[in-house]
Amino acid sequence: MTDAVQAVLEGYPQARRDALIPILQAVQAKEGYLSTEAVIAVGQHLKLPTSKIYGVATFYNQFRLTPPGRHHVQVCRGTACHVKGSAAVLSGIQRALKIEPDQTSKDGEYSLEVVACIGACGLAPVVAIDGAFFGDVKAEDAAALLARAREMEVGDE
Amino acid sequence: MRRVIIGTATCGVAAGAQRVLARALTLAEGGGLEVVEAGCVGVCYDEPLVEYINDLGERRLYGKVTPPLLDRILAQGDEPDPALARHLIRVNDGPDRDGVFAHQARIVLRRCGIVDPGSIDAYLEADGFKALEKALGMDPQAVIQTVLDSGLRGRGGGGFPTGRKWGFTAAQPSPHKYVICNADEGDPGAFMDRSVLEGDPFAVLEGMIICGWAVGADKGVIYCRAEYPKALVRLDAAIKQARARGYLGEDILGSGLSFDVYVKEGAGAFVCGEETALIASIEGKRGMPRFRPPFPAVSGLHGKPTNINNVETLANIPWIIQNGAAAYAAMGTEKSKGTKVFALAGRIKRGGLVEVPMGMSIRQLVEEVGGGVPEGHTFKAVQMGGPSGGCIPATMADLPIDYEHITQTGAIMGSGGVVVMDDSTCMVDVARYFLSFTQAESCGKCTFCRLGTKRMLEILERITEGKGKHGDVERLLALGQQIQSASLCGLGQTAANPVLTTIKYFREEYDAHIHDHRCPAKSCASLVIYRIAEENCTGCTLCAKACPVDAIEGERKIAHVIDEQACIRCGKCVTVCPTGVVMKL
């Protein structure tokens, strides 16, 4: 168990089952994903079988079981984005990164995720890189957008 | 003192509001200027928005503001600068440039984008917590009666009378009860709840506390999606301030009511919008629905009586208590009272958030409020109710928007997402899109939902790829009806709606895909061919350079040709062609 996981668990003394999701969220926020070791540690802390933890972690879209890249790219595939061409944006980004959704690029720089709806439908299609939102994205902008994100090390918001 | 109010909700930030805010804060260092961060007034198509209030108290709302433009806005003093007219949306509460506000009746959104959502003092100044004071002076039963008389119905989509729901929980004799605010806004294409939470979080809290008093609850939980980080931050700040001022906690305002609220972050599961799945998720389990009864009003969170309402429903409550049931019931239609917030998006000129009286026609909403579809296109349909809803064709657009009329079409009112579609939208593709969503989000408990959606999706995929078979439409209809009747929760019961409504109203598009291998909207990539009109091609080579798979051949100043076998139909050549000779067939 890493120190980060230890610190999270110490924040939930005598926790019950209903603390499971917040604990997993806190672990993922610290480590970027849920490692096998972390899942086992959380199970021991809550006195729950690892299979139950795994069941919850795989049920919800938020949890990742593999490490993300240094830059995390989220492509919104909500209805408004779909009608305005997000499928083309997604394939543009896939071509630029040479990875599929839920994969991390070989150099560990980028990971790609498809999200159901970010809720910024007025600006569709929307892409979020490291939590910063970009609106009105066009398929041909994909590569430039990724390069910009890499340079800027986007951090605001 | 001069003030600038900057909309820094998620949509504003995506459009660059953070840079405008940074500039404003720099300018404010010199003194004489107050900078306020607010939510969103709903004019998403013109973000970032800045409202400037001069020394005379005149308010001017500007759209598409950049840092240099902010300098000019602030430089103009008391006399308006005519060069800024293009960006000026409206002055004070007067008529606005685009007519977006003209048809609206704002109850839920009345403070959004105007009042600082981060300050309880600003909320109190804007009549905040007045309704709570009034409610605490009333008998809980009288509060429920007021909500019942107002005719308010569940705004999450179900449309169940809110007052009756409260009555069920109130009737349970239990010392511990819960009030849950459902902020797990999962419908793709909907962002009403996000805007309310970001723009007026205190109103939602006030609605919850009033509900707690009415039903006799001591704890409140707000179940909010993790995808809404800004809403979570603002809720957290609002709860802390409300606690510090005694609006949450023990003996609220000396009434004897003890009520506290905490936030539970959702983890991304569409099915958790369903009441029993949501409760399972709060309890730390997989968010799967269970059989009802017992209803949550009898046995809900941790086995205690639980009342669950959506964000918008709760945000209506303070206004109803303050202004009375009759004032609310005066708006809307016979069976659908009050107002409804809609998120207008898709193929529309002025996408954003609007609040209109129930009973407005779909056409008025799309064409007058939203400005219609982009120039050169024709309005084809609206999709209402997200993945559980359906597509209503433009020929039926004169229908009034209320629960009964919308349900008759095969769509549902839903939570308020309205995605507009025009001639460039393929209805089969829209059905496929929604099915791919529900199929992925099906929790897997009921066989028909788990397997039936998968089979339907496979059929829709082959149709959009031009490999549809005779009888596919009939297979879809049969599967759709089976999933509807054999699923436990709303997700499964409504999963087929997008398919069934598009077959009902746009059958000819299905037939064109299956029998003619043609996509009438020229949207399905497998059925579209890109070709260069050689006689008009100038041979500029731009398309050949842009093509990611080198499928375009041709020398400089000689007409280019696309190799249809190699073409991946990404459409880049169409975008880069300066003379517009690349055609989609």
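# A predicted two-chain model in questions and answers

Visitor: Where in chain B is the place of P293(B)?

Guide: This structure is a predicted model. In it, a cis peptide bond with omega of about 0 degrees joins R292(B) and P293(B). As for its place in the chain, P293(B) is found in the loop between α11 (275-282) and β9 of chain B.

Visitor: What is the form of the peptide bond from P293(B) to P294(B), cis or trans?

Guide: P294(B) lies in the loop between α11 and β9 of chain B. For the bond that leads to it from P293(B), omega is near 5 degrees, and the form is cis.

Visitor: In what order do the four strands of the open sheet in chain B stand?

Guide: Strands of a sheet pair through backbone hydrogen bonds, either parallel or antiparallel. In this open sheet the pairing is parallel. Neighbouring strands are turned by 20 degrees against each other on average, direction ignored. The order of the four strands in chain B is β8-β7-β6-β9.

Visitor: Which strands of this sheet stand at the edges?

Guide: A strand at the edge has a single partner strand, so one side of it is left without a neighbour in the sheet. In chain B this applies to β8 (260-265) and β9 (306-310).

Visitor: Which residue of β8(B) stands opposite I222(B)?

Guide: Strand β7 of chain B covers residues 219-224, and six bridges join it to β8(B). The two strands run parallel. Opposite I222(B), in β8(B), stands V263(B).

Visitor: At about what angle does helix α9 of chain B run to β6(B)?

Guide: Helix α9 consists of residues 201-215 and lies across β6 (178-183), β7, β8 and β9 of chain B. Its angle to β6(B) is about 150 degrees.

Visitor: How many disulfides are counted over all chains?

Guide: A disulfide is a covalent bond between the sulfur atoms of two cysteines. The sulfur of C524(B) is 3.7 Å from its closest cysteine sulfur, in C426(B), and because the cut-off is 2.5 Å, this is too far for a bond. Likewise, the sulfur of C570(B) is 6.2 Å from the closest one, in C547(B), which is also too far. Over all chains, the number of disulfides is zero.

Visitor: Why does C524(B) count as buried, and how does C570(B) count?

Guide: Buried means under 20% relative accessible area, and partly exposed lies between that value and 50%. C524(B) has a relative accessibility of 4%, so it counts as buried. C570(B) has 25%, and therefore it counts as partly exposed.

Visitor: What is the value of phi for N92(B), and what is it for D251(B)?

Guide: N92(B) lies in the loop between β5 (88-91) and α4 (120-125) of chain B, and D251(B) in the loop between α10 (229-244) and β8 of chain B. With relative accessibilities of 28% for N92(B) and 42% for D251(B), each counts as partly exposed. Neither residue is a glycine, yet phi is positive: near 50 degrees for N92(B) and about 45 degrees for D251(B).

Visitor: What is the area buried between chain A and chain B?

Guide: The size of an interface is often given as the accessible area lost when the parts come together. Here the contact takes 35 residues from chain A and 55 residues from chain B. Carbon and sulfur atoms give 60% of the buried area, which is about 3600 Å².

Visitor: How many salt bridges are counted between chain A and chain B?

Guide: A salt bridge would need a side-chain nitrogen of Lys or Arg within 4 Å of a carboxyl oxygen of Asp or Glu. Between chain A and chain B, the count of such pairs is zero.

Technical notes. Residues are numbered from 1 along each chain as its sequence is written. Chains are lettered from A and ligands numbered from 1 in the order in which they are written. This is a predicted model: local features need pLDDT of at least 70, side-chain atom pairs count only at pLDDT 80 or more; totals for chains, interfaces and linings use all residues. Side-chain values use heavy atoms; hydrogens and water are left out. Two strands pair if DSSP finds at least two bridges between them. Axes are lines fitted to C-alpha atoms, for helices over the stretch in contact, and angles run from 0 to 180 degrees between N-to-C directions. Contact means heavy atoms within 4.5 Å. Buried means under 20% relative accessible area, exposed over 50%, partly exposed in between (1.4 Å probe, protein chains only). Buried area is the accessible area (1.4 Å probe) that two parts lose on being put together, summed over both.
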